[in-house]
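Let's take a walk through this protein together, one piece at a time. Have a look at the picture first, and then read on.

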Amino acid sequence: MSDIGPLLKHWRGARRLSQLALAAEAAVSIRHLCFLETGRAKPSRAMVLKLAEVLDVPLRERNTLLLSAGFAPEYPESAWDVPELAAVREALETILAQQEPFPALVMDRNWDIRHTNTAARRFFAFLQDGRSTTPPGPSNVLRRMFHPDGVRPNVTNWTDVAEALVRRVRREAIGGITDERAQRILDEVLDYPGVPASLRSLDATAPVLPIVPIRYARGDRRFDYFSTVTTLGTPQDVTLQELRIECFFPMNDETREHARHLAGE
């Protein structure tokens, strides 16, 4: 009996494909696909990779599929500081530098912040100035947004932003990126003081706006941003595929002026 069957069925359900549709796209018989899902047949390594490609399975989970079928992983997972990723690190630093004087950051699939540009460090230090405490643990986007000692007191439309973030985390989980650590962090931040209990029951499949404004305020200064998230194209390394670049763009001249003032321009 193969252990890969339930995983294939999970991914097919996550992509909302019938057995007939998946069989047609992968050019296999529906009978053979049924046997794979029920464990009555064992797939070849090539078949696992073919189905994973059709189902658009992330690289980390493709390795899991291969292991469950008794094969060695296909895709490496490199440490962030290895020499082989030097060119990627340099490219990311260039992207972040081009965003100045507006914030930009690089985060991984657990929402941990891997790298920021000078504008982001400057801006979030400005928001935190005068506080003696910070959110617990490594620097993390969810902790920073939800913890009372993070930026939450400075986000004037916090309810809208928090709801959008929760939907995004849960939508990724529905898509199959079921990372236990990310789920633990989400459970953690939803337990923070002052976080509405209603966020726990959000429908992750409900449509959301493609762009959610984030409105910050400290004293008499207002910063209205929207953000975009970019991923690296067709990476063959688990670490690189899971990186996301978030860039903040000003929504008005006031924000541009305040950002340039913080930069000393």
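**Starting at a helix end**

Helix H4 is followed by Asp56, a residue with a positive phi, near 55°. Before going further, keep in mind that what you're looking at is a predicted model.

Now step back into H4 itself, which spans residues 45-54. Which of its residues are buried? They are Met47, Val48, Leu51 and Ala52. Seen around the helix axis, these four cover an arc of only 130°, so they end up on the same side of H4. Turn to the face pointing away from that buried side and you'll meet Ala46 and Glu53, which are exposed. And what do the buried residues of H4 pack against? Their partners are four helices: H1 (4-14), H2 (19-26), H3 (30-38) and H5 (59-68).

Next stop, the sheet. Here 5 strands line up in the order E2-E1-E5-E4-E3, forming an open sheet with antiparallel pairing. Strand E2 (113-116) and strand E3 (214-218) sit at the edges with a single partner strand each, and that is why one side of each has no neighbour in the sheet. The strands aren't lined up perfectly, either: on average, neighbours in this sheet are turned by 30° against each other, direction ignored.

To see one pairing up close, find strand E1 (residues 104-107) and strand E5 (residues 244-250), which run antiparallel to each other and are joined over 4 bridges. Pick out Val106 and look across to E5: its bridge partner there is Ile245. Helix H12 (residues 253-262) packs on the sheet too, where it touches E4 and E5, and its direction makes about 90° with that of E4. Helix H7 (residues 118-128), for its part, lies across E1, E2, E3 and strand E4 (221-231), and it runs at about 55° to E3.

Those two helices turn up again at our last stop, a hole inside the protein. How many cavities of 30 Å³ or more does a search of the whole structure find? The count is 1, and the largest cavity holds about 30 Å³ of space. Around it you'll find Pro101, Pro103, Ala119, Arg122, Phe123, Tyr225, Ala259 and Leu262. H7 and H12 each supply at least two residues of that lining, and H7 gives the most, with 3 residues.

Definitions and conventions: Residues numbered from 1 in each chain as written. Predicted model: local features only at pLDDT ≥ 70, side-chain atom pairs only at ≥ 80, totals over all residues. Heavy atoms only, no water. Pairing = 2+ DSSP bridges. Axes fitted to C-alpha atoms, helices over the stretch in contact; angles between N-to-C directions. Contact = heavy atoms within 4.5 Å. Buried < 20%, exposed > 50% of the residue type's maximum accessible area, 1.4 Å probe, protein only. Arc of directions from axis to C-beta. 1 Å grid on protein atoms, 1.4 Å probe; cavity = no way out; pocket = protein on both sides within 12 Å on 5 of 7 lines; lining within 4 Å. Points joined across faces, edges and corners; volume = space filled by probe spheres on them.
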